[in-house]
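Here's a quick tour for anyone meeting this protein for the first time. Have a look at the model, then read on.

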Amino acid sequence: MKFVASDKSCLTWSGDCLVVGLSEESLPLTGLLSELNERVSGLLQELIDETDFKAKAGSSAVIRVGNDVRKLAIVGLGASEDLKLESLRRAAAAAAKLAKREKCASLGISFPIWNNSPERTTQTIAEGVTLAMHEDKRFKSDTDAPKVVLSDISLLDLVGYEAALETAAHVCDGVILARELVAAPPNVVTPTSMAETAADIAKEHGLTLKVLEQAECEELGMGAYLGVAMASEMPPKFIHLTYTPEGTPKRKLALIGKGLTFDSGGLNIKAGAGSMIELMKMDMGGAAAVLGAAKAIAQIKPDVEVHFISAATENMISGHAMHPGDILTASNGKTIEVNNTDAEGRLTLADALVYADKLGVDAMVDLATLTGACIVALGNDLAGLFSPDDELAGALANASEEAGEKLWRMPMEEKYFDGLKSIVADMKNTGPRPGGSITAALFLKQFVKDTAWAHLDIAGPVWSEKDNAYNNPGATGYGVRTLVQWILESN
Ligand code: BES
Ligand code: MN
Ligand code: ZN
């Protein structure tokens, strides 16, 4: 797929499918749009009338027009005062899907500019198209290519904003990597393959990579992480990728992702309907988002030093498995009574947070498919944001809004830490069911000493059964766009 920031307008572009984005205020047609209507001999107005088109967000219609423009489509953007970047991303996805359905190879997109920012408008339209067109057929045997493929996309009246197209391509590279890591089965994506993916990124884009093997993790005293890894036949891999900018970094940041390539639950095995054991390949969604962000950031090259970290392993059962009741000692010396082996993500994150905290970064963010309780609280579309730091929480909320990845700030109610009190150790790893995503966040907080920190529980949005604008059913790549946006804003 090739994108062009074009000097052509909806009056001069020719090709297979011209898609015009209409806000509610652009009806009835005036100015440029009535000129377009004349260009197509009144068919634009006919299309609006025949379909009773009101420009509601999510609506669209298409009509055959002529030869230099074969098909004309309109997509609704809603009220212009509500126009968000996300409205453009979704409308661009709708335009691309429509062009594909109509067997068009070339697509001209004529959308209004968001917030006087042609750069962000360009980037967002390209993201919507690229992500909507991404299909993952790696595990299908049918490799027949369709006869017509959407290959040329022109963003009309946006000449000069090629750099924004580049940014979009880098961001989408990252999102697609994250999707493919999450979608791949647990017999393909393993701790070792995750480390190999990190090595590929390092090699291709010039990052430095350190992979700590089990023995080095033992030396660092990572007893919580290694407790989880004990039952797996696959060696744990503690991944630490670093992007260092050429000049002096303006900020230093760390991203930490939960990297459970499969979560059986351990001896507290995930059993019965609703346990979702067959979906637990996605329990490395945090690590996938972190590696996806690494791939994007390495290409965008901001003046920010960024560390990408994941303590990758599986949570399995065997004679070597940690027992419910085991007491583990994390690398900061704190002891944990494992009252439930299925609360394993926080154990791996504990040692990863202690490690990241020592890097001397200005802020760190972890992403984790941490709790079913967060899905109960917020549903499948929103991640939970937990942070004791209002400024960091605000910056992440802002980035997520522009990225079109929804999140909601959750309270870190200290009183609930009482639920993690242990008779024999410093704490238990599991509290009572009510407020389960909050106690999980409070547990993580025990392993952060010096650094501004936020935790995103992405158990809900990492995977979607529904078709949703630019997310086809399956892995969403959630988190990559927010992370990249947050890093670029702190540039
Ligand atoms: N990986 C799961 C959380 C999860 C559940 C992610 C559903 C995505 C969909 C996590 O390791 C887990 O098992 N959490 C337990 C914690 C409980 C034992 C305190 C949970 O949420 O049930
Ligand atoms: Mn679990
Ligand atoms: Zn898990």
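## The overall build

Let's start with the big picture: the secondary structure of this protein adds up to 14 helices and 20 strands. Its radius of gyration is 24 Å, close to the 23 Å that the globule rule gives for 491 residues, so the protein is as compact as a globular protein of that length. Keep in mind that this is a predicted model.

If you follow the C-alpha trace along its principal axes, it spans about 80 × 55 × 45 Å.

## Inside and outside

How much of the protein is tucked away? Of its 491 residues, 58% count as buried. The accessible surface comes to about 20,000 Å², and 51% of that belongs to carbon and sulfur atoms.

The chain also links up across long stretches of sequence: take the contacts between residues at least 6 apart, and 79% of them join residues at least 24 apart.

## The cysteines

You'll find 0 disulfides here. Why doesn't cysteine 104 bond with cysteine 17? The sulfur in cysteine 17 is the closest cysteine sulfur to that of cysteine 104, but at 4.5 Å it is too far for a bond, since a disulfide needs the two sulfur atoms within 2.5 Å.

Cysteine 104 is buried, with a relative accessible area of 1%. Cysteine 374 counts as buried too, at 2% relative accessibility.

## A nonpolar patch

On the surface, Leu267, Ile269 and Ile317 make up a nonpolar patch, together offering about 250 Å² of accessible area. Leucine 267 sits in the loop between strand E10 (259–263) and helix H9 (285–300). With 44% relative accessibility, leucine 267 counts as partly exposed.

Methods. Residues numbered from 1 in each chain as written. Chains lettered and ligands numbered in written order. Predicted model: local features only at pLDDT ≥ 70, side-chain atom pairs only at ≥ 80, totals over all residues. Heavy atoms only, no water. Patch = residues over 30% accessible without salt bridge, like charges linked within 9 Å, V, L, I, M, F, W, Y side chains within 5 Å. Areas by Shrake-Rupley, 256 points an atom, 1.4 Å probe, with all protein chains shown as cover. Salt bridge = Lys/Arg side-chain N within 4 Å of Asp/Glu carboxyl O. Helix = DSSP H or I, 4+ residues; strand = E, 2+ residues; numbered from the N terminus. Buried < 20%, exposed > 50% of the residue type's maximum accessible area, 1.4 Å probe, protein only. Rg over C-alpha atoms; globule rule 2.2 N^0.38 Å. Contact = heavy atoms within 4.5 Å.
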